[in-house]
Amino acid sequence: MSTQPLTHGTVPQRLAHTRELMRREGIHALLVPSADPHLSEYLPGYWQGRQWLSGFHGSVGTLIVTADFAGVWADSRYWEQATKELKGSGIELVKLQPGQPGPLEWLAEQTPEGGVVAVDGAVMAVASARTLGASWPSAAPACALISTCSTKSGKTARRYQTSRSTSICRLKPPSAVARNSPHCAPA
């Protein structure tokens, strides 16, 4: 079990706190990819949100947290490491295998109509945003970008605390993330 005190308690404590924030903000799922704004292969410490929240130290993996599920999707290079680091954390290892849904496909299948999916907009690749957007029916869930941004009136959107100070920005329309030009509005 990953119980090292990275910051703000153990992994189970951070996961519980994150779920409480998600409940309070009306967020159905939190998507935490292993990425930075440059989509670098090796991330500077500031951008290691998946590692911070899950305790999994592999260089590649995607974390999804919902009210009743948390999983890290990783390929076979990381299965042994992830099994050890996630043990007892409340986070499952989801083994990426050919022919099985990846994290974005799983998320699209599991998100209810009208649900809200949150992701750090600074680290969401345009291709991933398009994949996720294309997976949802016309009555798509709202996609909330967690990033530092302002509303059109210049006011900062509500704060959502994760490993760093961030804001929730709801996209209008959700396809705006695919064009990499989010329009923020108070949630």
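In this predicted model, Glu 20 comes out as partly exposed, because its relative accessibility is 35% and the partly exposed class sits between the 20% and 50% cut-offs. Its salt-bridge partner is Arg 23, and the closest N and O atoms of the two are 2.6 Å apart. Arg 23 has a relative accessible area of 57%, so it counts as exposed. Both residues belong to helix H1, which runs over residues 11-25, and they are three residues apart, or about one turn of the helix.

That bridge is one of four salt bridges found in a search of the whole structure. Another joins Arg 24 to Glu 25, with 3.9 Å between the closest N and O atoms. Glu 25 is a buried residue, because its relative accessibility is just 9%, and buried means under 20%. A further bridge pairs Lys 84 with Glu 80, where the closest N and O atoms are 3.5 Å apart. These two partners sit in helix H3 (residues 79-86), four residues apart, again about one turn of the helix. Lys 84 and Glu 80 are both exposed.

Back in helix H1, there is also Val 11 to look at. Its relative accessibility is 0%, so Val 11 counts as buried. Val 11 and Gln 51 are 40 residues apart in sequence, yet their C-alpha atoms are 9.6 Å apart in space.

Zooming out, the protein chain has five helices and eight strands. Walking along the sequence, they come in the order α-β-α-β-β-α-β-α-β-α-β-β-β. The chain is 187 residues long, and 47% of those residues count as buried.

On to the aromatic rings. Five aromatic pairs turn up in the structure. In one of them, Tyr 46 and Trp 47 have ring centres 4.9 Å apart and planes at 85 degrees, so this pair is edge-to-face. Trp 73 and Trp 106 make a tilted pair instead, with 5.3 Å from centre to centre and 55 degrees between the planes. This second pair ties together distant parts of the chain, since Trp 73 is in strand E3 (residues 70-74) and Trp 106 is in helix H4, 33 residues apart. Trp 73 has a relative accessible area of 2%, so it is buried. Trp 106 is buried as well, because its relative accessibility is 17% and the cut-off is 20%. Phe 69 joins in too: ring pairs link it with Trp 73 and Trp 106 into a cluster.

Tryptophan rings also meet charged side chains. The charged end of Arg 14 sits over the ring of Trp 52, 5.1 Å from the ring centre. In a second case, the charged end of Lys 95 sits over the ring of Trp 79, at 4.9 Å from its centre.

Next comes the largest pocket, with a volume of about 200 Å³. Its lining is made up of 14 residues, and those nearest the centre are Pro 33, Ser 34, Ala 35, Thr 62 and Ser 128. Strand E1 (29-33) and helix H4 (103-110) are the elements that give two or more residues to this lining. By residue type, the lining divides into ten nonpolar and four polar residues, with no charged ones.

Ser 34, one of the residues nearest the pocket centre, also has a neighbour from further along the chain. The C-alpha atoms of Ser 34 and Gly 49 are separated by 7.5 Å, with the two residues 15 apart along the chain. Gly 49 is part of helix H2, residues 49-54. With a relative accessibility of 13%, Gly 49 falls under the 20% cut-off and therefore counts as buried.

One backbone angle deserves a mention. Most residues other than glycine have a negative phi. Leu 39 is not a glycine, but its phi is positive, at about 55 degrees. Leu 39 is in the loop between E1 and H2.

Key:
Residues are numbered from 1 along each chain as its sequence is written. This is a predicted model: local features need pLDDT of at least 70, side-chain atom pairs count only at pLDDT 80 or more; totals for chains, interfaces and linings use all residues. Side-chain values use heavy atoms; hydrogens and water are left out. On a 1 Å grid over the protein atoms alone, a cavity is a set of points where a 1.4 Å probe fits but cannot get out, and a pocket is an open set with protein on both sides within 12 Å along at least five of seven lines; lining residues have an atom within 4 Å of a point. Grid points are joined across faces, edges and corners, and a volume is the space filled by probe spheres set on the points. Ala, Val, Leu, Ile, Met, Phe, Trp, Tyr, Cys and Pro count as nonpolar, Asp, Glu, Lys and Arg as charged, and the others, Gly among them, as polar. Buried means under 20% relative accessible area, exposed over 50%, partly exposed in between (1.4 Å probe, protein chains only). Rings of Phe, Tyr and Trp (its six-membered ring) pair if their centres lie within 6.5 Å; planes under 30 degrees apart count as stacked, over 60 as edge-to-face and the rest as tilted. A charge sits over a ring if NZ of Lys or CZ of Arg is within 6 Å of the ring centre and within 35 degrees of the ring normal. A salt bridge is a side-chain nitrogen of Lys or Arg within 4 Å of a carboxyl oxygen of Asp or Glu.
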